[in-house]
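Let's take a walk through a protein model together. Keep the picture open while you read, and try to find each part as it comes up.

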Amino acid sequence: MNMLTEKLEFLLDKYDVKSNIRILDCQSAELDGKTIHLLPWRSERRFLELKNLVDSGALNGLSIMRITHIAHKGTDLFDLLFREVDICETIMGSRLAEIFAVSNGDTALNVIAKNKEGCVCTFELAATLSDEVEPVDKHEIIACSGIACDRVVDTQVPQSSIYVLGEKAVEQYTDVDMELFGLDITQCAAVRSCFELAKTGEDNEKAVSHLNQVVKAAQKSISEIENVILPEAAI
């Protein structure tokens, strides 16, 4: 039994949730014999807190959401866009209506979009990091009432909660979920996402279909060098 399965079964047993579910990896699960595409980032604490700020009205007069994500060399930039568009739409509570994109091959992808509420959303994505460097991402919302960000003020890279300094290389730890102690942030989010699926039985098929539409619109924008209106927004 791998650690993801062990932690999921712990949550199912603790909260007495009966489900024929099996977590396959950090991106997918199997429910009643059907493979389900997980959207694990929706369960990350930092994104939940940003969404709470928007939903509660603490942030009002939303104007811009700026997203940056620098990943390892060889990462599919459109897979990154899939993830970041879902984070943007989930937090802002509005789907994208139009999109313009430019790319530099498989190295960089820049996107400017507008959602149905008229807010501007920008995405700066790159795949340039070597394998030993941790990926860097940042999500910032600019509103009339202030600015909210998922990173510590004035930092450019993710910060760890604990640093252990000694003769060996610096060790870093960031445990954000005491029930799932020992898993990293991505693994915690995957298990939480699978647990929610077990409780509700609702898959992400419609969301995945929509996100694939957005990605295709971005690819069309790149090839035709034009602004693309998303199908749902045109109806």
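## Holes, sheets and cores

Searching the whole structure turns up two cavities of 30 Å³ or more. Keep in mind that this is a predicted model. The largest cavity has a volume of about 50 Å³. Which residues line the largest cavity? They are W41, R42, F47, L48, K51, I87, T90 and I91. The elements that give two or more residues to that lining are α2 and α3.

Now for a pocket. The second largest pocket holds about 280 Å³ of space. Its lining is made up of I36, L38, L39, R42, S43, S193, E196, L197, T200, E202, D203 and N204. Helix α4 (residues 185-200) supplies the largest share of that lining, with four residues.

Next, the sheets. Here is some background: strands of a sheet pair through backbone hydrogen bonds, and the pairing can be parallel or antiparallel.

One open sheet has three strands in the order β1-β2-β3, and its pairing is antiparallel. β1 and β3 stand at the edges with a single partner strand each, so each of them has one side without a neighbour in the sheet. On average, neighbouring strands of this sheet are turned by 30° against each other, if you ignore direction. A hairpin joins β1 to β2 through two residues. β2 and β3 form a hairpin too, again with two residues between them, and D32 in that turn has a positive phi of about 50°. If you want to match up residues across the strands, I21 stands opposite L31 in β2, while A29 stands opposite I36 in β3.

There is also an open sheet of seven strands, and its order is β9-β8-β4-β7-β6-β5-β12, with mixed pairing. Which strands stand at the edges? They are β9 (146-149) and β12 (228-229); each has a single partner strand, so one side of each is left without a neighbour in the sheet. Further in, β4 and β7 pair in the parallel sense over nine bridges. One match to look for there is H69, whose bridge partner in β7 is L125.

Helices pack on this sheet. α2 touches β4, β8 and β9, and its direction makes about 5° with that of β8. α3 packs on the sheet as well, touching β4, β5, β6, β7 and β8, and its direction makes about 145° with that of β7.

Here are three of the strand pairs side by side:

| Strand pair | Sense | Bridges |
|---|---|---|
| β1 and β2 (residues 28-31) | antiparallel | four bridges |
| β2 and β3 (residues 34-37) | antiparallel | four bridges |
| β4 and β7 | parallel | nine bridges |

On to the inside. The largest nonpolar core has 41 residues, and L81, I91, L96, I99, F123 and I141 are the ones that touch the most other members. The elements giving two or more residues to this core are α2 (45-55), β4 (62-72), α3 (77-92), β5 (96-104), β6 (108-115), β7 (120-129), β8 (136-143) and α5 (205-224). Which element gives the most? That's α3, with nine residues.

A second, separate core has 21 residues, including V17, I21, L38 and C188. You've already met two of these names: I21 faces L31 in β2, and L38 helps to line the second largest pocket.

Back in the largest core, take a closer look at F123. Setting aside its neighbours within four places in sequence, F123 is in contact with I67, L81, E84, V85, C88, L96, L109, N110, V111 and A113.

Let's finish with K18, in the loop between α1 (3-14) and β1 (21-25). Is K18 buried or exposed? K18 is exposed, because its relative accessible area is 71% and the cut-off for exposed is over 50%. How far apart are K18 and K199 in sequence and in space? They are 181 residues apart in sequence and 8.0 Å apart in space, going from C-alpha to C-alpha.

Note on methods:
Residues numbered from 1 in each chain as written. Predicted model: local features only at pLDDT ≥ 70, side-chain atom pairs only at ≥ 80, totals over all residues. Heavy atoms only, no water. Core = buried A, V, L, I, M, F, W, Y, C linked by side-chain atoms within 4.5 Å. Buried < 20%, exposed > 50% of the residue type's maximum accessible area, 1.4 Å probe, protein only. Contact = heavy atoms within 4.5 Å. Pairing = 2+ DSSP bridges. Axes fitted to C-alpha atoms, helices over the stretch in contact; angles between N-to-C directions. 1 Å grid on protein atoms, 1.4 Å probe; cavity = no way out; pocket = protein on both sides within 12 Å on 5 of 7 lines; lining within 4 Å. Points joined across faces, edges and corners; volume = space filled by probe spheres on them.
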